[in-house]
Amino acid sequence: MSETASPPRILSIAGSDSSGGAGIQADIKTVTMLGGYAMTAITAVTAQNTQGVAAIHEVPTDVITAQIQAVISDIEVDAVKTGMLASSSIIQCVASELERRPVPWLVVDPVMVAKSGDALLWEDAVDALKTLLVPLASVITPNIPEAEALTGKKIESDTQVREAAEAFITMGAKSVVVKGGHREGPATDLFFDGTTFHEFTSPRIETANTHGTGCTFASAVAAGLARGMSILEAVGLAKEFVTEAILSSFPVGQGHGPLNHFHKLWK
């Protein structure tokens with residue numbers, strides 16, 4: 001009996017969400033649904049639900065390093081996605097390991113705040129994210145508040161979105177997607193690779209079930225890249241996957257419910 005060919009291998013370096021809607025849990029669901037093999041290096045354990053974050057326990061940096069080394073040295077990776085990194089020491093640890101062990105693709109989701117408004121990145125870690133991790137990114141996927149925090153500029157107009165995208169390239173990222181979910185009107189995400197701008201637009205969906213959208217989007221981009229897609233194709237895949245997952249979401253909990261990562265299976 002012949003062996004089945006290995007699927008694309010995606011490593012998520014992120015925090016665990018006990019409610020299952022975001023973080024490592026969302027990453028595993030997304031990668032699996034898009035035909036990849038999901039692996040993890042957990043940076044923090046959170047006690048959270050759809051209403052808020054009750055507690056955060058950061059994983060010691062030597063354990064985070066050991067997780068990354070264990071995966072890359074044995075299984076190897078086709079793409080890496082980072083999510084919640086919480087502190088400057090964790091960012092330093094992850095960036096150092098990814099510099100020592102370069103990977104084909106690195107998707108950086110600069111997670112700062114949970115959907116409930118609770119902080120997931122300490123204020124003193126923003127500079128570490130900008131100087132250590134952004135320059136390693138194949139693509140970084142900030143939403144508007146994250147882009148404002150990292151660029152230090154207010155973003156309200158289309159021109160300011162473009163200026164923010166240009167700022168991330170100046171910081172060293174190879175490409176950026178500034179997501180438009182926090183703006184008025186259609187949900188338009190702006191891609192820029194230092195040369196070309198491209199917009200990805202979908203109708204705005206009125207729903208409270210948006211917990212985990214950022215994690216899901218970045219993981220879908222990583223899965224697409226690991227499958228051999230171009231960055232534009234991978235971003236288009238992610239936009240479509242997230243939109244369908246929001247459209248088919250269902251109520252969970254009493255706050256911001258999760259996306260339906262299994263919409264293709266449950267139709």
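Start in the middle of things: the largest nonpolar core of this predicted model has 51 residues, and Leu11, Leu133 and Ile140 are the ones with the most contacts inside it. Helix H3, residues 88–100, supplies the largest share of this core, with six residues. Apart from it lies another core, this one of 29 residues, with Ala218, Ala223, Ala238 and Ala245 among them.

Ile140 is a good place to zoom in. Setting aside residues up to four places away in sequence, Ile140 touches Val108, Pro110, Val134, Leu150, Phe168, Ala173, Ser175, Val176 and Val177. Two of those names, Leu150 and Phe168, come back when we turn to a pair of helices: Leu150 of H5 and Phe168 of H6 both belong to the contact between H5 and H6.

So how do those two helices sit against each other? H5 (residues 144–151) and H6 (residues 158–171) pack with their axes 10 Å apart, at an angle of about 55 degrees. That angle is therefore one that makes H5 and H6 oblique to each other, and the crossing of H5 past H6 is left-handed. On the H5 side, the contact is made by Ile144, Ala147, Leu150 and Thr151, while H6 brings Val161, Ala164, Ala167, Phe168 and Met171. Sorted by class, that contact has eight nonpolar residues, one polar residue and no charged ones.

H5 is mostly covered, with six of its eight residues buried. The buried ones are Ile144, Glu146, Ala147, Glu148, Leu150 and Thr151, so the list takes in two glutamates as well. What lies over them? The cover for the buried residues of H5 includes helix H4 (126–133), strand E6 (139–140), H6 and E7.

Follow the chain past E7 and you get to Arg183, which is in the loop between strand E7 (176–178) and strand E8 (187–192). Arg183 loops back to H5 territory: its C-alpha atom is 7.8 Å from that of Ile144, although the two are 39 residues apart along the chain. Is Arg183 buried, exposed or partly exposed? Its relative accessible area is 24%, so Arg183 is partly exposed. Beyond its neighbours within four places in sequence, Arg183 is in contact with Ile144, Glu156, Ser157, Asp158, Val161 and Arg204.

Now for another helix pair. Helix H1 (residues 23–33) packs with helix H7 (residues 213–226) at an angle of about 40 degrees, and their axes are 9 Å apart. H1 and H7 are therefore oblique to each other, and H1 passes H7 in a right-handed crossing. Here Gly23, Ala26, Asp27, Thr30 and Val31 of H1 meet Cys215, Thr216, Ser219 and Ala220 of H7. The residues of this contact divide into four nonpolar, four polar and one charged.

Finally, have a look at two spots in the backbone. Glu76, in the loop between helix H2 (61–74) and strand E4 (79–82), has a phi near 70 degrees, a positive value in a residue other than glycine. Ala86, in the loop between E4 and H3, also has a phi near 70 degrees, again positive in a residue other than glycine. How accessible is each one? Glu76 has 45% relative accessibility, so it counts as partly exposed. Ala86 has a relative accessible area of 0%, so it is buried.

How values were computed: Residues are numbered from 1 along each chain as its sequence is written. This is a predicted model: local features need pLDDT of at least 70, side-chain atom pairs count only at pLDDT 80 or more; totals for chains, interfaces and linings use all residues. Side-chain values use heavy atoms; hydrogens and water are left out. A nonpolar core is a set of buried Ala, Val, Leu, Ile, Met, Phe, Trp, Tyr and Cys residues joined through side-chain atoms within 4.5 Å. Buried means under 20% relative accessible area, exposed over 50%, partly exposed in between (1.4 Å probe, protein chains only). Helices (H or I, at least four residues) and strands (E, at least two) are DSSP runs, numbered from the N terminus. Contact means heavy atoms within 4.5 Å. Axes are lines fitted to C-alpha atoms, for helices over the stretch in contact, and angles run from 0 to 180 degrees between N-to-C directions. Angles under 35 degrees count as roughly parallel, over 145 as roughly antiparallel, 65 to 115 as roughly perpendicular and the rest as oblique. A crossing is left-handed if the near helix is turned anticlockwise from the far one by less than a right angle, and right-handed if clockwise. Ala, Val, Leu, Ile, Met, Phe, Trp, Tyr, Cys and Pro count as nonpolar, Asp, Glu, Lys and Arg as charged, and the others, Gly among them, as polar.
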